[in-house]
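Thanks for sharing this one. Here are my notes for a reader who is meeting the structure for the first time, in the order I would look at things.

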Amino acid sequence: MDISDPANETGEEKDIVCQCCYDGDVYDGNEILICEQCSMSVHQKCYDVPVVPEGDWFCDVCASGKDGRTQCCELCSYTGEAYKVTDNNKWVHCICANWISEVYMRQTTEGLRPSLSHLDHKRYKLRCSCCKQSGACIQ
């Protein structure tokens, strides 16, 4: 089930969680933001948003003109959830970037961006320990 869906199968409202760290708590200076277009939810600090904008907020994928619900991750090929654009303009899930040891965050003029330059391409032949699918897997 998509965690950004505000109602579960029984119609009951469920808690909103950050799709980077999967924590639903809100902290001073670290609000949970929800994309107006795709409903993806993230903490400010997890998604590198220094100030909560007034009015509508859009995630990086939707702000780029793409659809955050159908964008494919360069590392795992799943769609949906929280994405960041890499330093070479590919899209990766925040969770994939955080859990794959060869992916690191690089400061660019646009902010923090995951870098895939040290990724061992043999990972694409492995099976992920989390989702059991093939891709640049979490081991």
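1. The accessible surface of the chain is about 8,300 Å², and carbon and sulfur atoms account for 48% of it. Please keep in mind throughout that this is a predicted model. Of the 139 residues in the chain, 38% are buried.

2. Next, the overall layout. The chain has two helices and eight strands. Following the sequence from start to end, you will meet them in the order β-β-α-β-β-α-β-β-β-β. If you count contacts between residues at least 6 apart in sequence, 30% of them join residues at least 24 apart.

3. Then have a look at the inside. The largest nonpolar core is made of 29 residues, and M40, V42, Y47, W57, C59 and L75 have the most contacts within it. Two or more residues each are supplied by α1 (60–63), β3 (83–85), β4 (91–93) and α2. Of these, α2 gives the most, with three residues.

4. Y47 is a good residue to start from. It sits in the loop between β2 (41–43) and α1. Is Y47 buried or exposed? Y47 counts as buried because its relative accessible area is 1%, and the cut-off for buried is under 20%. Leaving out neighbours within four places in sequence, Y47 is in contact with C20, M40, V42, W57, C59, D60, V61, A82, Y83, K84 and C94. A further pair to check on screen is Y47 and L112: they are 65 residues apart along the chain, and their C-alpha atoms are separated by 9.0 Å.

5. L75 is another of the core residues with the most contacts. Again setting aside neighbours within four places in sequence, its contacts are V92, C96, A97, I100, V103, L116, L119, Y124, G135 and A136.

6. Now for a pocket. The second largest one has a volume of about 160 Å³. It is lined by 13 residues, of which C46, K84, C94, N98 and M105 are the closest to its centre. Two elements, α2 (94–99) and β6 (111–115), each give two or more residues to this lining. The largest share, three residues, comes from α2. Sorted by class, the lining has nine nonpolar residues, three charged and one polar. Two names here may look familiar, as K84 and C94 are also among the contacts of Y47.

7. For a contrast with Y47, turn to Q107, which belongs to strand β5 (residues 104–108). Q107 is exposed because its relative accessible area is 56%, the cut-off for exposed being over 50%. The C-alpha atoms of Q107 and D87 are separated by 9.0 Å, with the two positions 20 residues apart along the chain counted as their spacing.

8. Finally, two backbone angles deserve a quick look. Which residues other than glycine have a positive phi? One is Y22, with a phi of about 60 degrees; Y22 lies in the segment before β1 (32–34). Another is S39, whose phi is near 70 degrees; S39 is found in the loop between β1 and β2. As for accessibility, Y22 is partly exposed at 39%, and S39 is partly exposed at 32%.

Conventions:
Residues are numbered from 1 along each chain as its sequence is written. This is a predicted model: local features need pLDDT of at least 70, side-chain atom pairs count only at pLDDT 80 or more; totals for chains, interfaces and linings use all residues. Side-chain values use heavy atoms; hydrogens and water are left out. On a 1 Å grid over the protein atoms alone, a cavity is a set of points where a 1.4 Å probe fits but cannot get out, and a pocket is an open set with protein on both sides within 12 Å along at least five of seven lines; lining residues have an atom within 4 Å of a point. Grid points are joined across faces, edges and corners, and a volume is the space filled by probe spheres set on the points. Helices (H or I, at least four residues) and strands (E, at least two) are DSSP runs, numbered from the N terminus. Ala, Val, Leu, Ile, Met, Phe, Trp, Tyr, Cys and Pro count as nonpolar, Asp, Glu, Lys and Arg as charged, and the others, Gly among them, as polar. Buried means under 20% relative accessible area, exposed over 50%, partly exposed in between (1.4 Å probe, protein chains only). Contact means heavy atoms within 4.5 Å. Accessible areas come from the Shrake-Rupley method with a 1.4 Å probe; for residues, only the protein chains shown count as cover. A nonpolar core is a set of buried Ala, Val, Leu, Ile, Met, Phe, Trp, Tyr and Cys residues joined through side-chain atoms within 4.5 Å.
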